Each structure stands twice: as structure tokens, then as C-alpha cells.
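The following exercises concern a single protein structure and the molecules that accompany it. Please work through each task with the coordinates at hand before reading its solution.

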Amino acid sequence: MVKRSRCTGNGISSPYDTNEASRPLLGGRFKSWWDLQTMPPLDWMQIEVTTRCNASCLYCPRTTYRHSWDSRDLSLENFKTLLPVMADTKMIHLQGWGEPFLHPHLFEMIALAKKAGCKVGTTTNGMLLDRDIIGRLVQSGMDHVAFSLTGIGEKNDLTRQGTNYARVLQAISGLAEKKRALRVETPTISVAYLLLRSHLPDMDKLIAELAPTGVQQVVISTLDFITQKDLWNEHLYPENKPEYRKLKNLYEELRQEAAQKGIDLHYNLVLPGTESGSCTENPRRALFVSSDGYVSPCVFANIPAAGVSHVVGKEESGYTKLTFGCVAEESLPAIWKNRRYRGFRKSFESRPYPLCRKCPKRCGASTG
Ligand code: SF4
Ligand code: SF4
């Protein structure tokens with residue numbers, strides 16, 4: 001069942017509106033205005049438009065936790081409360097734990113965000129991108145689209161059940177073709193490639209497979225959130241320095257091959273035994289808004305399932321969400337500034353919250 005937001009939006013206007021009806025609210029309006037003025041610009045905001053999906057990828061929390069999964073769409077009214085902050089945000093990414101193109105108002109959200117003045121991107125499993133959607137997407141002014149893949153050919157289809165490798169490649173080619181036909185540069189097209197340990201032997205084929213589609217960028221990631229012990233072996237963090245060097249060489253070779261075909265390749269490789277005071281999700285200058293309107297530092301902090309566990313350092317551990325407020329109840333700038341959220345950011349380096357302490361994203365990394 002799809003759930004909707006609980007209360008109405010809280011659009012922010014001038015605090016100096018002094019007509020009779022608004023007088024009792026003056027203090028509140030002034031605070032809203034002040035909170036917005038004093039909020040630092042964000043590097044990005046990730047907004048989960050839906051937790052529904054038309055696929056069942058084996059490693060996805062949505063598949064493992066399907067019995068307690070909360071399927072819901074972000075309401076337009078909650079989305080609109082974010083617009084004042086978007087005006088000063090470099091990029092918004094419309095995706096969380098679900099397939100964004102299932103949302104009935106996705107294109108309206110893209111239009112609103114573009115009007116607010118920020119760049120807009122999304123990640124999709126590609127299965128809904130037919131000619132019509134591709135045409136609308138190019139005309140929407142969307143800046144960036146990433147297509148998810150995990151494995152080449154049949155291996156992708158076995159791992160990402162409900163998706164089809166050939167159709168995803170076809171959608172990428174169709175999008176590249178439409179851009180050429182309309183002589184536009186956007187959206188830029190990337191592949192978000194999740195590399196599992198068991199798929200390592202196929203990596204030498206990756207660039208040759210993707211290059212003919214017109215993809216411009218490939219981003220290789222590894223399995224970070226492990227929902228069950230069976231998946232631990234698919235986790236690809238080097239255990240020691242020789243393994244680290246082997247992976248680094250593989251990625252660098254791929255990067256050179258990609259560059260020769262005009263593709264940018266990026267990866268994030270964890271150096272064993274290191275820990276950093278930061279993480280790739282940039283929690284001091286970025287945030288995640290889930291489809292029920294709750295604000296968290298990242299997508300891992302608000303998985304829409306209750307009473308579940310995940311695997312941390314080979315052991316099962318109860319999963320606890322980390323949220324700081326809901327945009328259905330207070331403005332995003334007010335949430336950003338609340339005492340708990342400020343405390344989280346302040347102590348992130350020295351005394352991180354339990355969820356962040358063993359998070360692989362926090363480990364020192366070699367990024368290319
Ligand atoms: S497409 Fe994305 S949201 Fe859907 S099951 Fe796969 S990983 Fe999960
Ligand atoms: S350390 Fe992990 S859980 Fe904490 S903010 Fe970064 S990515 Fe999210």
C-alpha cells in the first residue's frame with residue numbers, strides 16, 4: 001500500500017508579511033526565514049521519491065526485508081517544502097530505495113527542481129525507459145541519469161532479478177540516440193556498476209560491452225550494506241595490501257581502457273586498516289530525505305523496514321535508523337540546525353554515532 005504524507009507543506013515566504021491573518025505567526029515566519037538565510041549551501045540532496053520497485057535484486061534490502069518493507073511514495077507537498085533549500089543546492093538526486101520512474105509525479109518534481117535552479121539527477125534500473133519516457137526525460141532538462149548494473153549479461157539478470165541486461169543497454173543507447181537527434185548535451189549518462197566478488201573474473205569485458213551504448217561515465221561501487229550473512233562473500237574490501245594493490249591495478253587498467261573509448265571511470269577503493277574522519281556521503285554538506293519526509297545524513301541511515309538486522313564486520317547486528325526530523329512537521333533548515341543534527345555533524349570525526357562507526361563508507365579510501 002502506498003502511504004501519503006501526514007501534514008501539509010510549509011512554504012516559506014517573507015517574514016514581513018504583516019496582514020491581520022498572519023500576525024500571530026510572525027515569530028514562526030521570522031524563524032523560518034532566518035533558518036533558511038543561515039543554512040549553508042548544500043553540495044547535494046538525495047531525495048527518495050519512492051520505495052516501490054519493479055525488481056528484486058538479491059542483495060537489495062528491499063528484497064531481504066520484503067516482509068516488513070514500507071512501500072510508499074514521496075508526496076508532492078513534502079517535495080515542495082524542499083524547494084527553498086534546493087535553490088542553493090548544487091545537485092539533487094531523485095532516488096533512494098526504489099525505482100524512481102514508478103512515481104506518478106516524477107516529471108513534475110524534475111520540473112520544479114529545475115525551476116528552483118539546481119541540477120537534477122537520478123539512478124534507475126532502466127526497465128521503464130521506453131521511447132516515450134526517454135523523449136520526456138531528454139525534454140525535461142534532467143542533468144544526469146545513471147543506470148544500475150551488477151554483472152555482465154546473464155549474471156546481471158540472475159542478480160538483479162526483474163531486470164534485463166539487454167533491455168538496460170538498449171535504454172542507454174536509446175537515450176544517447178535521442179540526445180544526438182535533439183542535439184542536446186543532457187542528461188549525461190552513466191552506469192552505476194556494483195561489483196560483486198564473484199563477478200571479478202568478468203571485469204575485462206565491461207568496457208567493451210558498454211562502450212557501444214554511448215555511456216559517458218562508469219562508476220564502480222562495491223556492496224556496502226549487507227543484509228544477510230550469505231552475502232558477506234560478495235563484499236569486496238581488500239583484506240590486505242597485496243589484495244588492495246591487485247584491485248587498484250585492475251581498476252586502473254579499466255580506467256585506461258575506458259579513457260581510450262571516451263568514458264570516464266571512477267571507483268572508490270578502501271585501503272585496509274585505515275579509517276577516515278569523513279565518508280563518501282559527505283554528511284556535513286549533503287543529506288538524504290526519505291519518501292516519508294524524514295531527514296538523515298545518508299540513504300543507509302533510513303532503510304524503510306522495521307525489526308531487521310544487517311551484517312557488520314561479519315556479525316549480524318540489529319539495524320537502527322538515524323533520522324533528525326520530518327519535513328512534514330518542520331522546515332528542512334530548522335531540522336538541519338536542530339541540536340541533535342548539529343551534534344551528529346560535530347562529533348562525526350571524533351565520536352561518530354554507532355551506525356557510522358563501522359560503516360565501510362567511513363574507511364580511508366583511494367578514489368579514482
Ligand atoms: S532496482 Fe534498486 S531498489 Fe529495486 S530491487 Fe534492485 S537495487 Fe533494490
Ligand atoms: S558513515 Fe556511513 S552511515 Fe554514517 S553518514 Fe557516512 S555513509 Fe552514512
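Four exercises with worked solutions follow, all on a predicted model.

**Exercise 1.** Determine which residues have the most contacts inside the largest nonpolar core, and which helix gives the most to this core.

*Solution.* Step 1: the largest nonpolar core comprises 73 residues. Step 2: within this core, Leu82 and Val218 have the most contacts. Step 3: among the contributing elements, helix H8 (residues 165-182) gives the most, with 6 residues. Step 4: leaving aside residues up to four places away in sequence, Leu82 touches Met45, Ile47, Val289, Val327 and Leu332. As background, nonpolar side chains tend to be buried together in soluble globular proteins.

**Exercise 2.** Describe helix H8: its span, its buried residues and what covers them.

*Solution.* Step 1: H8 has 18 residues, and from its first C-alpha to its last it reaches 26 Å, close to the 26 Å expected at 1.5 Å a residue. Step 2: the buried residues in H8 are Tyr165, Val168, Leu169, Ala171, Ile172, Gly174 and Leu175. Step 3: their cover includes helix H6 (131-140), strand E5 (144-149), helix H7 (154-159) and strand E7 (188-195). Step 4: just after H8 comes Arg183, with a positive phi of about 55°.

**Exercise 3.** Establish where the buried residues of helix H5 lie around its axis.

*Solution.* Step 1: in H5 (residues 106-116), the buried residues are Leu106, Met109, Ile110 and Ala113. Step 2: these residues span an arc of only 100° around the axis, and therefore lie on the same side of H5. Step 3: the elements covering them include helix H3 (76-80), helix H4 (83-86), strand E3 (89-94), strand E4 (119-124) and H6. Step 4: Gly117 follows H5 and has a positive phi, near 105°.

**Exercise 4.** List the residues around ligand 1 and ligand 2, and classify each shell.

*Solution.* Step 1: around ligand 1 are Cys53, Ala55, Ser56, Cys57, Cys60, Arg62, Thr63, Trp97, Gly98, Glu99, Asn125 and Arg160. Step 2: strand E2 (56-57) and helix H2 (61-64) each supply at least two residues of this shell. Step 3: sorted by class, the shell of ligand 1 contains 5 nonpolar, 4 polar and 3 charged residues. Step 4: around ligand 2 are Cys279, Glu281, Pro283, Pro297, Cys298, Phe300, Ala301, Leu355, Cys356, Cys359, Lys361 and Arg362. Step 5: the shell of ligand 2 contains 9 nonpolar, no polar and 3 charged residues.

Terms used
Residues are numbered from 1 along each chain as its sequence is written. Chains are lettered from A and ligands numbered from 1 in the order in which they are written. This is a predicted model: local features need pLDDT of at least 70, side-chain atom pairs count only at pLDDT 80 or more; totals for chains, interfaces and linings use all residues. A nonpolar core is a set of buried Ala, Val, Leu, Ile, Met, Phe, Trp, Tyr and Cys residues joined through C-beta atoms within 7 Å. A residue is buried if 20 or more other C-beta atoms lie within 10 Å of its own, exposed if 12 or fewer, and partly exposed in between; C-beta atoms are placed from the backbone. Helices (H or I, at least four residues) and strands (E, at least two) are DSSP runs, numbered from the N terminus. Two residues are in contact if their C-beta atoms, placed from the backbone, lie within 7 Å. A residue is near a molecule or strand if its C-beta atom, placed from the backbone, lies within 6 Å of it. Ala, Val, Leu, Ile, Met, Phe, Trp, Tyr, Cys and Pro count as nonpolar, Asp, Glu, Lys and Arg as charged, and the others, Gly among them, as polar. The expected span of a helix is 1.5 Å times one less than its number of residues. The arc is that of the directions from the helix axis to the C-beta atoms.
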